[in-house]
Amino acid sequence: MASPLEQFEIKPIVPIEIGGLDVSFTNSSLWMVLAVVVAGGTLTLAASRGAMVPGRLQSVAELFYEFIAGLIKETIGTQGRKYFPIIFTIFAFVLTGNLLGMVPYSFTFTSHIIVTFAMAIVIFLAVTVLGFAKHGMHFFSFFVPPGTPLIMYPLMIPIEVLSYLSRPISLAVRLFANMMAGHILLKVIAGFVAAMGVFGILPLALVVALTGLEIIIAFLQAYVFTILTCLYINDALHLH
Amino acid sequence: MPQLEQVGTFPSQVVWLVITFVVLYLLLWRVVLPRISATFENRQGRVDNDIARAEELAAEAEGVLAAYEEELAKARTAAQEELHKAAEEAIAESEKRNAALTDTLAANADAAHERIETARKDAVANISGMVEDIAKQAVERLVDTTPDQGTVSSAVNTALEERTR
């Protein structure tokens, strides 16, 4: 039986090498492109109608738009307006990647730590640069929670710095681990269906239920990734 | 775990992530999101417009209603006046006719009185001659003397005057 980890293997489709660096177009790249085509295509189609009374597709696009706009308003406030496009893109990209991963025989690019980490580290660096641009050296006061007694500074500052530095790791690992674990679980239980013969009906039912759960998790993790990005931006803008 | 074993694929994954993400970002930022927000604005504008128009129409309708009521009140007043005038005219007319009728009746009554008076006088006049003759003959038979015509006349007249009063 194939290993449940086999689904995560990167397979080159078009080998490309630039300056000695292997940047082949792989199955991962293919699903990233498909995510852009699906998310971009659907949203473009939905948005271009612009009907007074929206149809189904347009309603969905408007729902997502208002959902993200509401999220930004709640977490960042009115100052968050200008980050709307990038936050919406993060949400759309991660959500589409997660959902496309639920299609049988597809590939889940968000289940790769390098992909989630690349996104997380860029968000982390951008937010840090934003914080310094906004507050200058005063940004360091972020590492001292307000009301901390002076005697606690040697303890609190390293903890705060460490917690700040671990943000990209937790952001990346949360998404990657959720996606990977869900897909491994599905694969393992699906393996039992064939192995158990007639009684395979039980794991089959479980797989069906878990598929539903995984779709919820696909939404949830995209939401969590987005809201954390919003919270980090908020921290950079308003410190505490 | 391929995620940690296939380190050689990391550059490829990151490069394609950057390419696809940037493409999606540009598409959403430049095309999709402005269109959706434009749709929202249009809708809001349309709704505001409709509300404003509805308010305008409501005000207009109220104006029309007020004008109608004013017109109605005016018409009612005019009708009242007309009615009043007609009633007064009718009363005046009836009074005039009443007066005319009263006059006529009075005139008729007077004429009748006169006729009665004349008739009475005629009757008295007619009767006095006869009564004088009867009185003269009665006196002749009773006392066998012929009374003086003048005395009989005045006595009869006096008596008749007293009786026919």
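Visitor: Is A:R167 buried or exposed?
Guide: In this predicted model, A:R167 counts as buried because its relative accessibility is 13%, and the cut-off for buried is under 20%.

Visitor: Which residue does A:R167 meet in a salt bridge?
Guide: The side chain of A:R167 meets that of A:D235, with N to O at 2.6 Å. This pair links distant parts of the chain, since A:D235 lies in helix α7 of chain A and A:R167 in helix α6 of chain A, 68 residues apart. A:D235 counts as buried too, at 17% relative accessibility.

Visitor: How many salt bridges does the structure hold over all chains?
Guide: There are 6 over all chains, and one of them joins B:E56 and B:R53, whose closest N and O atoms are 3.4 Å apart. Both residues lie in helix α2 of chain B, 3 residues apart, which is about one turn of the helix.

Visitor: And how far apart are the end C-alpha atoms of helix α6 of chain A?
Guide: They are 42 Å apart, which agrees with the span that its 29 residues should have at 1.5 Å a residue. Just after α6(A) comes A:G197, which takes a positive phi of about 65 degrees.

Visitor: Changing topic, which residues make the nonpolar surface patch of about 510 Å²?
Guide: That patch is made by A:V188, A:F192, A:M196, A:V198 and A:F199. Among them, A:M196 sits in the loop between α6 and α7 of chain A, and A:M196 counts as partly exposed because its relative accessibility is 37%.

Visitor: What about charge, which residues form a negative surface patch?
Guide: B:E81, B:E82, B:E88 and B:E89 form one, and B:E82 lies in helix α2 of chain B, which covers residues 10-143.

Terms used. Residues are numbered from 1 along each chain as its sequence is written. Chains are lettered from A and ligands numbered from 1 in the order in which they are written. This is a predicted model: local features need pLDDT of at least 70, side-chain atom pairs count only at pLDDT 80 or more; totals for chains, interfaces and linings use all residues. Side-chain values use heavy atoms; hydrogens and water are left out. Patches are made of residues with over 30% relative accessible area and no salt bridge: like charges are joined within 9 Å, nonpolar side chains (Val, Leu, Ile, Met, Phe, Trp, Tyr) within 5 Å. Accessible areas come from the Shrake-Rupley method with a 1.4 Å probe; for residues, only the protein chains shown count as cover. A salt bridge is a side-chain nitrogen of Lys or Arg within 4 Å of a carboxyl oxygen of Asp or Glu. Lys and Arg count as positive and Asp and Glu as negative; His and the chain ends are not counted. The place of a charge is taken as NZ of Lys, CZ of Arg, CG of Asp or CD of Glu. Helices (H or I, at least four residues) and strands (E, at least two) are DSSP runs, numbered from the N terminus. The expected span of a helix is 1.5 Å times one less than its number of residues. Buried means under 20% relative accessible area, exposed over 50%, partly exposed in between (1.4 Å probe, protein chains only).
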